[in-house]
Amino acid sequence: MPDDLAASVQPGVRVEVQFGQSKLYSGLVERVHHEKPDYPTKQVIAVLDDVTVVTPQQLKLWDWIADYYCSTLGEVMQAAMPGHLKLTSETKLVFNALYGDDFSELDNDEYLIAEALHIQNEVTIDDTRKILNKKTVFPVVQRLLNKGVLFLREDLQDKFKPKKVSAVRLAEPFRTQPDLLREVFKTLQKKERQVEILMAYLSLEKNRPIVLKQEVLQKADVSPAALQTLVKNGILEIYHHEVSRLSGYEDELADAGALSAQQTLALTAIADSFKTKNVALLHGVTGSGKTRIYLEMIRETISRGGQVLYLVPEIALTTQLVSRLQRIMGKDISVYHSKINYNERVEIWRSAGAGQPVIMAARSGLFLPFRNLQLIVVDEEHDPSFKQFDPAPRYHARDTAIFLANLYGAKVLLGTATPSLESYQNAQSGKYGLIELNERFGGLQLPEILPVDLREQHRKKQMQSIFSTPLLEALQAALDNGEQAILFQNRRGYAPILECQVCGWTAMCIHCDVSLAYHKHTNRLHCHYCGYQREPVQTCPACGSGKITLLSFGTEKIEDELKLFLPKARIGRMDLDTAGSKTSLSNLLNDFEEKRLDILVGTQMVTKGLDFDNVGIVGILSADQLVRFPDFRAGERAYQLLTQVAGRAGRKNKQGKVLMQAYDTAHPVLQEVLKGDFTGFITRELHERREFRYPPYQRLIHITLRHRDAKTVHEAAAFFGRQLKAKLGARVLGPVLPHIPRVRGLYAEEIMLKLEKSAPLLANTKALIRYVTEIMTGKPGLGRVLVAVDVDPV
């Protein structure tokens, strides 16, 4: 530190530092000390902040994540800090047109950069150094960012799109002069349907500022054509009303509803549990009203002046929950995730530090600078989306939330209908509190789950393409009753394999060792791992035969075939292809919610937190596929997914029905799902885990080595395995080829460590992994081998 800057530096502020000849970066001060290192140092160029941008608690959290998940502190910083705080000499600056061209409030340096941006619209930080003829420009750039004169290029991507709903209002002059409607009613005397629509609109309009088109049609019980006539005649008009996906409909009342007796007992039990324990697991069946309990806990915490972090697996897939909480809590709740724009992200980052009462977020919300965090709610705690896969740090949001709460002295409430085995075992052993809700809210019955034996269906020749007769009959009955249906198949595309019937040749990806999936809407073969595409072949390139066939099926084929069997049904598809963007997903959910779709076909997206009150039937097309996966968690995942998707049926009005197609309906996991036997499932699964030394009884560390050359990665993995086995012995499994040996042109080998639950053993093992990685990458030819360490893989 130069003497003139020493007084302004403290842990948690950013400084400008030089790497190499000309690269400049903003770095973060973790510690200020007087211990001179044994390598030559460079001087800090500038201090960028007057106040700390990262709190002491955040730095402690980063240290813990880096240590526990075997990553570097720099990797944690990259994941934790928002873009506007990470400046580099390559960062691109973009002019904010909304600022205008009045630069009179800016100083000389700020003025020169603002003027250059106004003319060129985009410059790099390197360009600004040349404009100002100064080495250090980060402080000037930061001031312009704070004043809203510019944006950073990376912060402009993925803008959050508002949701649009079709609404109805009176056309002019009737809107401003409602008395003129008397004449309209006289002219419409003989047109009953049009009168009904007008009456329906007027009665709805009394109670709400915005009247949805769908509500008018439902109340008047007429077709859209009749409404269109009134629009053509200039009496009503249809317009698209923009409501933020996060602010909910304005026509719904901000009332959370009364608590049931079961919910009141649960709240008391949670409060009692928190007297002696810091973590409680709320295990409630689907539709038992867990969200209402969270709300009460949140209100209580806010009334004490505390902050609440509400974690959900994926914000995009929990839009209904977001809008419901926004309606009830208003400005007390903010939503933080990757799809919001730069201004909102900065605002929420600052508001967390200023004490914003409730922040709802995906896993990235753990890195916000809270002031007085008192409660963390982890909703759907079993969901694998809480685990970060790539890049490092590969942290689990649920476990990190428990450590974060510990730093603030806060409590953690984990909620789910299908707890992870780790959480349930912690609750059973007394480490966590356990609160159970065994009934649906309002005394509604859980859905009836019926197995459909596909072997039997084939034997009796009752299969119609990929649908069993009972499933098609149930779908038709639901449509006849005006109900909706959801069909679940955890595979997108039309068919996952294109194969030659003569020689067995399969269309494979050129970058990955996987078959290419056929997508009918693009008429191309796609790789779901690297994005490679090609045209489908008509003749086999191996033997020249024309007998090319598609095997198995995905969501696209289900949608396609359903149109043949149920031609009158309005069908929507919800997978990564149709719901990849925020707008397309919200449009799809709107259509299903407003009953413009009868059947929704989807992948596991349909299992996540959706609550539609008119779903009578849920169909699971191939349940076997989930339990046959080569992974020790396959049974747990299958139970969770099947139970969650079944829970979408019959949530508001009556008992729903779930039809589960499978070739092996006697499989233990499928039997436990059919009976709703959670206790039986947990007991059997825990017994197997103990016997075969898997979590929650042992700790796993998964190490993957990758390189473009198969021989190089084999040599590296063999060396890595030998070094680990020398110290850890039989705890080391592998190295072996993974399920998919090559992805995106990189060959891989894997090593699995099974460790007893011992803190010293875990710490020593991680130190050993770091040491072996360093030794291996220093060996000739192995320096470019990538090593990915995953502690507690899911």
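This note goes through two sheets and two cysteines of a predicted model.

1. One open sheet has three strands in the order β2-β1-β3, and the pairing is antiparallel. Strands β2 (23-28) and β3 (46-47) stand at the edges with a single partner strand each, so one side of each has no neighbour in the sheet. As general background, strands of a sheet pair through backbone hydrogen bonds, either parallel or antiparallel.

2. Within this sheet, β1 (residues 14-19) is joined to β3 by two bridges in the antiparallel sense. Opposite Glu16 stands Ala46 in β3.

3. Another open sheet, also of three strands, has the order β5-β4-β6 with antiparallel pairing. Its edge strands, β5 (122-124) and β6 (150-152), each pair on one side only. On average, neighbouring strands here are turned by 30 degrees against each other, direction ignored.

4. Three bridges link β4 (residues 92-95) to β5 in the antiparallel sense. The bridge partner of Leu93 is Val123 in β5. Helix α5 (residues 125-132) packs on this sheet, where α5 touches β4 and β5 and makes about 85 degrees with the direction of β5. Helix α4 (residues 108-120) lies across β4, β5 and β6, at about 75 degrees to β4.

5. How many disulfides are there? The count is zero. For Cys509, the nearest cysteine sulfur is that of Cys530, 3.6 Å away, and Cys509 is in no disulfide. The closest cysteine sulfur to that of Cys512 is also in Cys530, at 3.8 Å, which is too far for a bond, because a disulfide needs two sulfur atoms within 2.5 Å.

6. Are these two cysteines buried or exposed? Cys509 counts as buried, at 4% relative accessibility, and Cys512 counts as buried at 1%.

Conventions. Residues numbered from 1 in each chain as written. Predicted model: local features only at pLDDT ≥ 70, side-chain atom pairs only at ≥ 80, totals over all residues. Heavy atoms only, no water. Pairing = 2+ DSSP bridges. Helix = DSSP H or I, 4+ residues; strand = E, 2+ residues; numbered from the N terminus. Buried < 20%, exposed > 50% of the residue type's maximum accessible area, 1.4 Å probe, protein only. Axes fitted to C-alpha atoms, helices over the stretch in contact; angles between N-to-C directions. Contact = heavy atoms within 4.5 Å.
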